[in-house]
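Visitor: Please take me through one part of this model in detail. I would like a close look at the cavities and what lines them.

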Amino acid sequence: MYSQLLIMHFFNFLHWIESKQVGSINDMSVLSFASGVISINSSCHECICMMVKTNTILGVTCLINQTYLLFSNYSLSYNVTNTSNASFHFLVLPPQEQFSTDEITTITYTSTVSCSINCMNNGTCLISNVCICTPEWNGTYCEIPVCSVTCENSGNCTAPGICTCYYGWTGSHCEHVQTVRWTFDNTFNDLNGQFHGIGYNSPTFTTGINGYGLALALNGTRNQCVIVSPYLNTNHMSFTWEFWIYPTIALPTDTTLISQCFNVSRDQCLLVMVRSDKMLFSFWYDDINGITSIPINKWSHIALVYDMVMNRKVIYLNGILEHAQYSYGSLQTALVNLTFGCRTMNKGISYDKFFTGYIDQIIYNSRIKNASEILNDATLVVHHRFLSIAPLIDSSSNYINGSWGGSTISISSGIVNQAIDFPTNGSYFQLTGLVLLGTSDWPLSLSFWFKINTLTEMTSMVHLFNTIQCMDMITLLTNGTIQVQIFNGTMNNVLLGPVMPLYLWNHVVYTFSTINGMRLYVNGSLHGSIMTRYSASNSPVTLIFGNSLLNTTCGHLNQQFCGSIDEVRLYSRELNGTEIVQLYTNP
């Protein structure tokens with residue numbers, strides 16, 4: 001039934017498995033429907049393993065339709081046929097009189113294989129305590145996924161063919177930078193230590209935009225800047241740059257903020273400059289200019305977007321669109337270092353066009369940020385959600401985390417998820433180092449939800465102070481009337497709002513701008529406004545919610561607010577009525 005030629009070409013013996021030897025014949029099947037034959041849906045490896053581990057299975061036929069026949073004995077009613085892509089594996093051949101004996105060696109086995117380990121992810125325990133894994137898995141127990149392309153830049157292969165990238169990287173195998181952030185908190189390196197900065201001519205640090213950290217301080221007359229390596233590849237892709245600047249002198253015609261320039265040829269040189277006191281975003285002879293003058297001795301937020309699909313450059317100043325226009329082409333910089341505060345020249349071996357002032361919070365993203373994201377990055381100073389897993393963590397891009405004291409606690413019943421509660425005297429929540437809130441006439445909006453539990457006297461809900469000034473921004477009078485005030489340089493201007501009920505969540509927004517003065521909104525509606533200016537100490541201030549912490553230097557209140565607050569947002573701009581309604585209806 002089975003030709004000598006077929007055996008000669010297709011009969012092979014597998015490696016030893018302890019003292020059992022398994023034979024294989026490819027492109028051949030042994031078929032039978034007699035007793036002693038079991039048909040199952042499994043895998044060929046698993047069936048061979050079962051045969052090796054037991055003393056009851058003599059042979060296995062593996063068919064291409066994932067059906068497998070297990071022979072516990074060989075009856076006379078079986079057929080041996082040539083079958084493409086099928087295979088027959090055996091410990092004992094069918095009765096030898098059915099085959100030519102010239103090419104067959106007698107097969108014997110003497111011991112039982114112990115296969116006690118648990119192979120994962122469809123691995124097969126084919127050898128004693130050794131798993132045979134599928135191509136997608138590796139490891140002792142087939143527990144380690146395999147990525148055919150190695151995950152780069154500290155990425156991890158977390159599933160077959162899937163790389164999970166480390167913070168700041170993206171791409172199918174983590175080959176592209178996604179986010180890099182330089183905070184300049186006493187270091188020139190980025191936040192994750194992937195891109196290292198070297199100070200050129202000894203730049204220093206100063207107080208930063210977020211108050212708690214530092215900023216890069218550069219003196220252009222001393223030719224100071226920072227040189228960054230390794231090479232940051234931004235070629236032929238969309239990207240967004242964001243950062244804060246604070247010029248300390250009237251800037252010369254051209255002064256550089258960011259540069260990556262190997263050749264002074266079109267689209268081969270990234271230049272971010274202030275030219276004649278306005279922003280310039282250039283790929284060299286491929287420029288876009290801002291329209292608003294950059295002020296001196298004042299912080300400004302800059303955002304620059306390049307959209308490769310639309311082939312368009314965009315400039316934003318303090319979150320507001322300045323200018324957008326088409327580009328000649330995408331950026332094609334060569335392997336040259338990035339610089340902050342100076343321009344690279346002569347293929348990266350010399351520098352010029354130095355900046356004088358402060359630079360802080362430089363962020364690179366290898367994607368297009370939309371206008372709403374940029375507006376938030378520029379003007380949402382803090383956003384505290386008071387989630388129970390991290391009640392003091394700031395959800396904004398500034399990471400201005402809060403602190404609390406007394407008996408302040410997290411509660412489950414906030415207006416959205418959790419909130420914080422001030423149950424006893426001395427309870428408070430505090431935000432420090434608020435730079436723009438301490439700047440005279442800088443626009444602001446303070447939005448939060450609150451619920452009054454008890455009210456027996458005039459209480460301070462929000463108190464502002466530093467070593468120079470203090471002010472009860474928002475208070476509750478004894479009858480529950482809400483009151484807001486602002487210092488105009490001579491006295492506090494005061495606005496009274498409605499009487500606030502007990503035990504209910506209410507939304508309040510306090511805004512100021514030199515255009516509209518101070519305004520008070522309650523539950524989405526405007527309840528009063530007064531034209532005024534805002535006189536501040538021009539130094540970082542602290543906000544305290546719930547209690548003024550015995551700060552009586554300005555003759556203000558010490559009484560405890562007994563209630564809860566949630567969803568605190570502070571903006572460095574005046575929100576409009578539509579935005580305030582949105583915060584009220586979608587907290």
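Guide: Helix α3 supplies the largest share of the lining of the largest cavity, 3 residues. The model is a predicted one. Two strands, β32 (380–384) and β36 (428–434), also each give at least two residues to that lining, as α3 does. The volume of this largest cavity is about 110 Å³. Its lining counts 16 residues, and those closest to the centre are Ile209, Trp244, Val381, Asn398 and Leu436. By class, the lining splits into 10 nonpolar, 5 polar and 1 charged residues.

The structure has 3 cavities of 30 Å³ or more. The second largest cavity holds about 70 Å³. Its lining consists of Arg181, Glu242, Trp244, His301, Gln361, Ile363, Asp377, Ser397 and Asn398. Strands β20 (239–247) and β31 (357–365) are the elements that give two or more of these residues. Here the classes are 2 nonpolar, 4 polar and 3 charged. Trp244 and Asn398 line both the largest cavity and the second largest cavity.

Helix α3 (residues 371–379) returns at the largest pocket: with 3 residues, α3 gives the most to the pocket lining. This pocket encloses about 370 Å³. Among its 19 lining residues, Asn318, Trp442, Pro443, Ser572 and Arg573 are the closest to the centre. The pocket lining divides into 10 nonpolar, 6 polar and 3 charged residues.

Note on methods: Residues are numbered from 1 along each chain as its sequence is written. This is a predicted model: local features need pLDDT of at least 70, side-chain atom pairs count only at pLDDT 80 or more; totals for chains, interfaces and linings use all residues. Side-chain values use heavy atoms; hydrogens and water are left out. On a 1 Å grid over the protein atoms alone, a cavity is a set of points where a 1.4 Å probe fits but cannot get out, and a pocket is an open set with protein on both sides within 12 Å along at least five of seven lines; lining residues have an atom within 4 Å of a point. Grid points are joined across faces, edges and corners, and a volume is the space filled by probe spheres set on the points. Helices (H or I, at least four residues) and strands (E, at least two) are DSSP runs, numbered from the N terminus. Ala, Val, Leu, Ile, Met, Phe, Trp, Tyr, Cys and Pro count as nonpolar, Asp, Glu, Lys and Arg as charged, and the others, Gly among them, as polar.
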